[in-house]
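Me: I've got a fold on my screen and I'd like to talk it through. Can you walk me around it?

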Amino acid sequence: MDINKYRTTCFSGYRPEQFAFSLDDKDGTKYKDLKNRINNAITETLQMGYNTFLCGMDSGFDLLCAKVVIDIRRKRKYRNIQLIIVLPFSGHGFSGKWGRLHRLVTHHASQEIIIAPNKHTRSCYYLRNCFLINNSSYLICYWTGHRGGTAHTVSMAKQSGHLMRNIAVR
């Protein structure tokens, strides 16, 4: 499957421990608000003609976004939605809640791309993030200004002229 970057959105955001609220409390007001903002952002990109989503498969924001894409696709309102998972290395995964969600997203993915097929490397997450930006033109992110992988991905997106929606900012 070829990726049309001009119809492709990618995700970048924090892992669960980096949020100011719990991602384990599905009944919590802040968690529900986050899911609603993710849903609204994804729906807006679909309305703009984007139909492919790249997910870097990290716990937290990435997997929550992928789950929303799956939920929207199940409703069948939008046709031809593609969810492409981009694993930083072969065997990437988690245990517990995030492991179950990782397996669910993998099961429902349209395509799987593995950046480092043989093993984890020092650069595999960086290369994964470069792949996300190089193969998309829209970024949905959750970034509050902290340094790290999300900050670097946001910076790359800005430099490449991506449209961007930071759902951490109201």
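**Packing around the sheet**

Reply: Happy to, and let's start with helix 4: its buried residues pack against strand 1, strand 2, helix 2, strand 3, strand 4 and helix 5. Keep in mind that this is a predicted model.

Me: Which residues of helix 4 are buried?

Reply: Helix 4 covers residues 124–134. Buried here means under 20% relative accessible area. The ones in helix 4 that count as buried are C124, R128, N129, C130, L132 and I133.

Me: What is the order of the strands in the sheet?

Reply: The sheet is an open one with parallel pairing, built from 6 strands. At its edges, pairing on one side only, are strand 4 (111–116) and strand 6 (163–166). Neighbouring strands are turned against each other by 20° on average, ignoring direction. Reading across, the order is 4-3-2-1-5-6.

Me: How many bridges join strand 3 to strand 4?

Reply: Strand 3 takes in residues 82–89 and runs parallel to strand 4. One facing pair to look for is F89 opposite A116 in strand 4. The number of bridges joining strand 3 to strand 4 is 5.

Me: How many of the residues of strand 1 are buried?

Reply: Look at both faces of strand 1, since each is covered. On one side sit T8, C10 and S12, and on the other T9 and F11, all of them buried. Strand 1 also runs parallel to strand 2, with 3 bridges between them, and T9 stands opposite F53 in strand 2. The count for strand 1 is 5 of 5.

Me: Which strands does helix 1 lie across?

Reply: Helix 1 is residues 29–47, and it runs at about 170° to strand 5. Helix 5 (residues 149–159) packs on the sheet too, with its direction at about 155° to that of strand 5. Helix 5 touches strand 1, strand 5 and strand 6, whereas helix 1 lies across strand 1 (8–12), strand 2 (52–55), strand 5 (138–141) and strand 6.

Me: Which residues of helix 5 are buried?

Reply: The cover over the buried part of helix 5 includes strand 1, helix 4, strand 5 and strand 6. Just after helix 5 comes G161, with a positive phi of about 80°. Within helix 5, the buried residues are T150, A151, T153, V154, M156 and A157.

Me: Why is helix 2 called oblique to helix 3?

Reply: Two packed helices are described by the angle between their axes and the distance between the axes. Helix 2 (residues 61–75) and helix 3 (residues 96–108) have axes that come within 10 Å and cross at roughly 45°. That angle is neither under 35 degrees nor in the 65 to 115 range, so the term for it is oblique.

Me: Is the crossing of helix 2 and helix 3 left-handed or right-handed?

Reply: On the helix 2 side, the contact involves L63, L64, A66, K67, I70, R73 and R74, and on the helix 3 side W98, L101, H102, L104, V105 and H108. By class that contact splits into 8 nonpolar, 2 polar and 3 charged residues. The crossing of helix 2 and helix 3 is left-handed.

Me: What angle do helix 1 and helix 2 make?

Reply: Helix 1 passes helix 2 in a right-handed crossing, and their axes are 10 Å apart. Among the residues meeting here are Y31, L34 and I38 of helix 1 and F61, L64 and V68 of helix 2. The contact has 11 nonpolar, 2 polar and 2 charged residues. The angle between helix 1 and helix 2 is about 60°.

Me: Is D58 buried or exposed?

Reply: D58 is in the loop between strand 2 and helix 2. Not counting residues up to four places away in sequence, D58 touches R15, L63, H92, F94, Y125 and R128. Its relative accessibility is 6%, and the cut-off is under 20%, so D58 is buried.

Me: Which residues is I113 in contact with?

Reply: I113 is in strand 4 and is buried, with a relative accessible area of 16%. I113 and E17 are 26 Å apart in space, C-alpha to C-alpha, and 96 residues apart in sequence. Leaving aside neighbours within four places in sequence, the contacts of I113 are I3, I84, I85, V86, L87 and F131.

Notes: Residues are numbered from 1 along each chain as its sequence is written. This is a predicted model: local features need pLDDT of at least 70, side-chain atom pairs count only at pLDDT 80 or more; totals for chains, interfaces and linings use all residues. Side-chain values use heavy atoms; hydrogens and water are left out. Two strands pair if DSSP finds at least two bridges between them. Helices (H or I, at least four residues) and strands (E, at least two) are DSSP runs, numbered from the N terminus. Axes are lines fitted to C-alpha atoms, for helices over the stretch in contact, and angles run from 0 to 180 degrees between N-to-C directions. Contact means heavy atoms within 4.5 Å. Angles under 35 degrees count as roughly parallel, over 145 as roughly antiparallel, 65 to 115 as roughly perpendicular and the rest as oblique. A crossing is left-handed if the near helix is turned anticlockwise from the far one by less than a right angle, and right-handed if clockwise. Ala, Val, Leu, Ile, Met, Phe, Trp, Tyr, Cys and Pro count as nonpolar, Asp, Glu, Lys and Arg as charged, and the others, Gly among them, as polar. Buried means under 20% relative accessible area, exposed over 50%, partly exposed in between (1.4 Å probe, protein chains only).
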